[in-house]
Amino acid sequence: MAKQLPIKARVLSLVFEKIGISDAEILTALKTEYPLDKQVSEKNLEMCLIALTTSKMITLMDANLKNNGKIEQNFKITEYGYHRLKYLFSIGQ
Amino acid sequence: MDANVQLLLQQREIAYAKKGIGWGLMAGVLWGFDGVLMGISLGMLPFINESGLLAIALVGACMHDGFAAGWVFLINIANGKWRDYARTLKTRPAKVVLLAGLVGGPIGMSGNLLGIHLAGAAYATAITALYPALGALLGVFFLKERIHFRVGIGILLSIAGSIIVGYAPPEGNFPDFYLGICFSLMAAIAWALEGVISTYGMDIIDFDIAVGIREISSFLVYLLVVLPLIGVTSFKILFSSIGYTSFSYIAVAALIGGGSYLSWYRSMNMTGVGRAMGLNVTYALWSVFFGWLLSDLQLTWNLFIGVVVIIIGTIVIIGKAEGMANVRN
């Protein structure tokens, strides 16, 4: 069984795995991979994505206002974020 | 991207940065309160019967970080984050946070206490109060943070205010004065480094988990390295305190101190090292307030002037909402 990453690191790796991934897709993946984790929620994910954007690890590609009034955002990893992710995986996980 | 959506996203980012500022202010309030409570605790039995001020202070710091580690773990259980401890400790960034704990806790605090012991509180406090300026500079170089000129002025004002608050005419004879100054400088550099190192780690690690790991590493290094270096006396003081009221007081102080660290780390992650440290150093203001409220602290002119300067510095740091969200280049 693959070792689970800390949730914030997993969010970064999900953005790396798919360019233009949406926040909804990220939330779905996290809920599947971390079914027992109470911290996996829309609000916490929003904070996490803002934190990753602020620290220049990911960048917003596009954002659209949906019919339910929520914003759907699409992200891609930055070069800096990629290097930090490579560092994370280089311990032979 | 639609202009309305852009505006909504910008508002969300500014709200996030404002929350970070709020956490920075909270960190200062709680650390000021914590400091006063620790001062009261270490002035009670059994500490008051012991000789060796340095040993007492370091034992107190060890107990504080041990209790804080426990409280933060309980908080992380309540917020559903506790499973991330094990996941995080298996990663390389965890080593970064462990290093931050070692640097900020045992090295920084021990340096601070040694500086006070060897050079006197007046000079030691003035030098250690420089840590936000050092942290801001290190943040610019290592994290590519942006420090606006206005924020820099605010940081300097907050530092000046805390120096004025902490100033007392030097008294006593200090034969190892310059060694004490070196230790104080070591403490300032250590606390500045802790901020930068931990913020680097928090790029990938959740801030609440980072604090949990930081407190654990600090406590273990105190217990296994620092106290043995002092000698058997330190363990005698530690174990003799169990059962006294002061033991419970330190546990309560550690809850407040743990809250301060949680706030500080959140603030550094959300609004940048420089701004967060400039807000955190307002603890000098709050230590005056809580000292006046809970102990026999007499308000003097330098306390009042220092508090006013800190308030002005804080307002300057916070400034306008625009530009808050752009933390790094």
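The legends below accompany close-up views of a predicted model.

In this predicted model, local features need pLDDT of at least 70 and side-chain atom pairs count only at pLDDT 80 or more, whereas totals for chains, interfaces and linings use all residues. Residues are numbered from 1 along each chain as its sequence is written, chains are lettered from A in the order in which they are written, and side-chain values use heavy atoms, with hydrogens and water left out.

**View 1. Surroundings of A:Gly20 in a loop of chain A.** A:Gly20 lies between helix H1 (7-17) and strand E1 (21-22), where helices (H or I, at least four residues) and strands (E, at least two) are DSSP runs numbered from the N terminus. With a relative accessible area of 16%, A:Gly20 is buried, a class that means under 20% relative accessible area, against over 50% for exposed and values in between for partly exposed (1.4 Å probe, protein chains only). Apart from neighbours within four places in sequence, A:Gly20 is in contact (heavy atoms within 4.5 Å) with A:Met61, A:Asn74, A:Phe75 and A:Lys76. The C-alpha atom of A:Gly20 is separated by 15 Å from that of A:Gly81, which is 61 residues apart along the chain.

**View 2. B:Ser267 within helix H11 of chain B.** The helix that holds B:Ser267 spans residues 245-271, and B:Ser267 is buried at 0% relative accessibility. Residues up to four places away in sequence not being counted, B:Ser267 touches B:Gly20, B:Trp23, B:Gly24, B:Gly272 and B:Ala276.

**View 3. Two buried cysteines, A:Cys48 and B:Cys62.** The relative accessibility of A:Cys48 is 12%, while B:Cys62 has a relative accessible area of 1%. Over all chains, a search of the whole structure finds zero disulfides, a disulfide being a pair of cysteine sulfur atoms within 2.5 Å.
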